[in-house]
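Here's a walk through the fold, helix by helix and sheet by sheet. Keep the viewer open as you read.

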Amino acid sequence: MTAHFCGKLPGQPDTHSCRVGGVPLGGKSPVVVQSMTNTDTADAEATARQCFELSQAGSELVRITVNTPEAAAAVPEIRRRLDDLDCPVPLIGDFHYNGHRLLADCPDCAIALAKYRINPGNVGFGQKKDAQFSAMIDLACRYEKPVRIGVNWGSLDPSVLARMMDENNRRHAPDRSLSEIMRAALLASALESAERAEELGLPGERIILSCKVSAVPDLIAIYRELAARCRYALHLGLTEAGMGSRGVVASTAALAVLLEEGIGDTIRVSLTPEPGAPRKKEVEVAQDILQSLGLRVFAPQVIACPGCGRTTSSLFQELAQRVQAFLQTKMVEWQKQYAGVEHLRVAVMGCVVNGPGESRHAQVGISLPGAGEAPSAPVYEDGVKTATLKGEHLADEFLDIITRYVARNYARKEE
Ligand code: SF4
């Protein structure tokens, strides 16, 4: 199946589209990367700093918790601080239980946010639930903001689940497993809430849906059904992906299947960071998923072989690592200077077996000497051998070749 830049497949109907701040979402727009802060939002300085870091890492939308009057009061200040840093990243407010009150009591917060997230399972209790949901939708209509109706496995509206159980029990031969009933209840909660929001006046174009669970097969099944049953823009992500490689693999497995089917308009990778690790890891993983699928291009790609018994020393791993770090650092300035430089492909290969071939396919490639090979490294630019490097300055010389290649081959933006 061929992937398309926007993530939509031919014949697959486009979802509704809207703008979240300045970012187009849904329809034919590219799949948007988003992330979420873990600071106390009432601490405007720390939250603005983390939003800025996430945005610099490539997060196109950033969600912040808005849980107290102090947090709501800090939102306009966070927006101001980001604007002062020339960082227009739209902010999404994450509300549970008291969102209707916080938004009503703090109009500056309601205005500063570019989108509101409402969880129908946590919008209020008992009879208050409908009124509080309506109040939030009214505010979204008044301030012309899009809303994500985000249902979660862990906070599913108990009344919807009870209704689904009753319906199953009333069948002549109750045949649905608990897991099937849960899935049906998640879908019903999301779709019925979206329908209610439209009845209250929120245009369908400004509704984004999510139905998050933590098991990959369940997520895939739920989103396939959601995509078949509605045209709302869809936010994809596991509710808790987990830590380390488990979280990365689970997110990639789930999101790759759906994105390849053209399902999903915005993604978040909900990794649990290692203590002290930067929050931006979730943004890097989201970008890598989209770039690997050929849906977006964010950064130059380093193609490196895994190494094997033919790799002579640590030179190969060290060079691959240095090239990767060099490109990451240089991209900060290159992105401002050169149009399209994010498409650059660099190969660092360990020996003659696949080295010259893979290097020729990259724009710039180097094939290091493997065991028993002459201690020299041919360099290829656009498939043509242009240099042979050897000696202790090999790495510096290769980085210079990459720099010169970029300057020669990418148009300067100011021109
Ligand atoms: S290119 Fe050479 S060193 Fe790299 S994995 Fe293949 S055989 Fe091993």
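## Helices 8, 9 and 10

Helix 9 and helix 10 sit oblique to each other, because the angle between them falls outside the ranges that count as roughly parallel, antiparallel or perpendicular. Keep in mind that this is a predicted model. The numbers behind that: helix 9 (residues 244–260) and helix 10 (residues 281–292) cross at roughly 40 degrees, and their axes come within 10 Å. The crossing of helix 9 past helix 10 is right-handed. On the helix 9 side, the contact uses Val-248, Ser-251, Thr-252, Leu-255 and Leu-259, while helix 10 brings Val-285, Ile-289 and Leu-290. Sorted by class, that makes six nonpolar, two polar and no charged residues.

Helix 9 also packs against helix 8 (residues 216–229), at an angle of about 25 degrees and with the axes 9 Å apart. An angle under 35 degrees counts as roughly parallel, so helix 8 is roughly parallel to helix 9. This crossing is right-handed. Helix 8 puts in Val-216, Leu-219, Ile-220, Tyr-223 and Arg-224, and helix 9 answers with Ala-250, Ala-253, Ala-254, Leu-255, Val-257 and Leu-258. The class count here is ten nonpolar, no polar and one charged. Leu-255 turns up in the contact with helix 10 and again in the contact with helix 8.

## The barrel

Now for the strands. Which strands close into a barrel, and in what order? There are eight of them, running 3-4-5-6-7-8-9-11, with parallel pairing. Take one pair as an example: strand 4 (residues 61–65) and strand 5 (residues 91–95) run parallel and are joined by four bridges. Within that pair, Ile-64 has Gly-93 of strand 5 as its bridge partner. Helix 5 packs on this sheet, touching strand 5, strand 6 (115–118) and strand 7 (147–152), and its direction makes about 165 degrees with that of strand 6.

## Helix 5 against helix 7

Helix 5 (residues 128–142) also packs on helix 7 (residues 178–199), at an angle of about 55 degrees and with their axes 10 Å apart. That angle makes helix 5 oblique to helix 7. Helix 5 passes helix 7 in a right-handed crossing. Phe-133, Ser-134 and Ile-137 of helix 5 meet Ser-193, Arg-196 and Ala-197 of helix 7. By class, that's three nonpolar, two polar and one charged residues.

## The open sheet

There's an open sheet too, made of five strands in the order 13-14-15-16-17, with mixed pairing. Strand 13 (301–304) and strand 17 (384–389) each have a single partner strand, so they stand at the edges with one side left without a neighbour in the sheet. On average, and ignoring direction, neighbouring strands are turned by 20 degrees against each other.

Strand 16 (residues 377–381) pairs with strand 17 in the antiparallel sense, over five bridges. Val-379 has Ala-387 of strand 17 as its bridge partner. Helix 13 (residues 394–409) packs on the sheet, touching strand 14, strand 15, strand 16 and strand 17, and its direction makes about 160 degrees with that of strand 15. Helix 11 (residues 315–337) lies across strand 13, strand 14 (345–349) and strand 15 (364–367), running at about 165 degrees to strand 14.

## Around the ligand

What surrounds the ligand? The residues are Cys-305, Gly-307, Cys-308, Arg-310, Thr-311, Gly-350, Cys-351, Val-353 and Asn-354. That shell splits into four nonpolar, four polar and one charged residues.

Methods: Residues are numbered from 1 along each chain as its sequence is written. This is a predicted model: local features need pLDDT of at least 70, side-chain atom pairs count only at pLDDT 80 or more; totals for chains, interfaces and linings use all residues. Side-chain values use heavy atoms; hydrogens and water are left out. Axes are lines fitted to C-alpha atoms, for helices over the stretch in contact, and angles run from 0 to 180 degrees between N-to-C directions. Helices (H or I, at least four residues) and strands (E, at least two) are DSSP runs, numbered from the N terminus. Angles under 35 degrees count as roughly parallel, over 145 as roughly antiparallel, 65 to 115 as roughly perpendicular and the rest as oblique. A crossing is left-handed if the near helix is turned anticlockwise from the far one by less than a right angle, and right-handed if clockwise. Contact means heavy atoms within 4.5 Å. Ala, Val, Leu, Ile, Met, Phe, Trp, Tyr, Cys and Pro count as nonpolar, Asp, Glu, Lys and Arg as charged, and the others, Gly among them, as polar. A residue is near a molecule or strand if one of its heavy atoms lies within 4 Å of it. Two strands pair if DSSP finds at least two bridges between them.
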